[in-house]
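The following paragraphs explain one helix and its surroundings, then turn to some backbone angles. Please keep the model in view while reading.

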Amino acid sequence: MTVATLPVILRINAAGTAWHADDLAAAVALRPAAVMVPKAEAPDDLRRIAAALAGIPLLALVETACGLAQCRAIAGVPGVSRLAFGSVDFCADLRCAHMPGVLLPARWELVLASRLADLPGPLDGVTTSLDDPTETARDAGRARDLGMGGKLCIHPRQIAPVLAAFAPTAEQIDWARRILASGDGMVQIDGAMVDEPVRLRARAILTEAAGSAPRPA
């Protein structure tokens with residue numbers, strides 16, 4: 001399912017709600033690019049939803065303490081293509097502040113669960129401020145540095161700073177090219193040791209750059 005040239009992700013109501021079954025039926029009929037499952041907590045629910053959707057990828061939205069406790073099992077369910085962080089609901093469930101330092105352990109657990117399941121980096125939760133692109137960019141940058149692979153937006157004006165934050169800088173692209181041009185052995189570039197793990201990072205940067213415009217350094 002597309003709108004113009006953009007893929008559509010359909011967010012359904014959570015398992016156990018009165019609207020869940022009708023939403024699943026609508027998703028089967030509409031065939032969106034993916035289905036976002038809120039309040040993802042039980043791996044068995046994700047398996048049932050994946051079976052019903054017959055090949056439509058699932059984005060599991062982790063929004064509760066139970067969901068975070070189960071996120072490694074959820075990430076391993078066939079059909080789950082990515083985890084996402086419902087940070088605002090998560091804070092409501094735990095009665096904690098929606099602040100970067102407070103949420104760092106949860107974000108890190110989602111990154112680790114995704115890596116263990118060989119999934120792309122998880123999608124970070126929203127920035128609630130709608131009028132401050134600097135705050136959106138700062139939040140997205142923190143998520144990127146932690147290993148998250150994207151960020152949920154709640155307003156169109158947040159899209160540009162998020163895309164910019166997740167794109168490699170021109171300086172990073174230049175560094176990656178120099179790293180890969182250095183050969184296969186252990187060498188020194190810019191005063192730092194370069195070996196295969198560093199080259200893996202360089203390859204990842206160039207792969208990311210191929211799908212986005214470089215951001216300012």
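What covers the buried residues of H7? In this predicted model, the cover includes two helices, H6 (100-116) and H8 (159-166), and two strands, S7 (123-124) and S8 (150-151). The buried residues of H7 are Thr 136, Asp 139, Ala 140, Gly 141, Ala 143 and Leu 146.

Helix H7 runs over residues 133-146, and its end C-alpha atoms lie 20 Å apart. That agrees with expectation, because 14 residues at 1.5 Å a residue should span 20 Å. At the start of the helix, the backbone nitrogen of Thr 134 has a side-chain oxygen of Asp 132 within 3.1 Å. After H7 comes Gly 147, with a positive phi near 110°.

One residue of helix H8 is Pro 161. Its relative accessibility is 15%, so Pro 161 counts as buried, the cut-off being under 20%. Leaving aside residues up to four places away in sequence, Pro 161 touches Pro 133, Thr 136 and Ala 137. Thr 136 is itself among the buried residues of H7. The C-alpha atom of Pro 161 is 8.8 Å from that of Arg 138, a residue 23 places away along the chain.

Most residues other than glycine have a negative phi. Lys 39, not a glycine, has a positive phi of about 50°. Lys 39 sits in the loop between strand S4 (34-37) and helix H2 (43-53), and its relative accessibility of 33% makes it partly exposed. Asp 118 also has a positive phi, near 60°. Asp 118 belongs to the loop between H6 and S7 and is exposed, with a relative accessible area of 63%.

Notes: Residues are numbered from 1 along each chain as its sequence is written. This is a predicted model: local features need pLDDT of at least 70, side-chain atom pairs count only at pLDDT 80 or more; totals for chains, interfaces and linings use all residues. Side-chain values use heavy atoms; hydrogens and water are left out. Helices (H or I, at least four residues) and strands (E, at least two) are DSSP runs, numbered from the N terminus. The expected span of a helix is 1.5 Å times one less than its number of residues. Buried means under 20% relative accessible area, exposed over 50%, partly exposed in between (1.4 Å probe, protein chains only). Contact means heavy atoms within 4.5 Å. A polar contact is a pair of N or O atoms within 3.5 Å; within protein, one must be able to donate a hydrogen and the other to accept it, and residues adjacent in sequence count only if both atoms are side-chain atoms.
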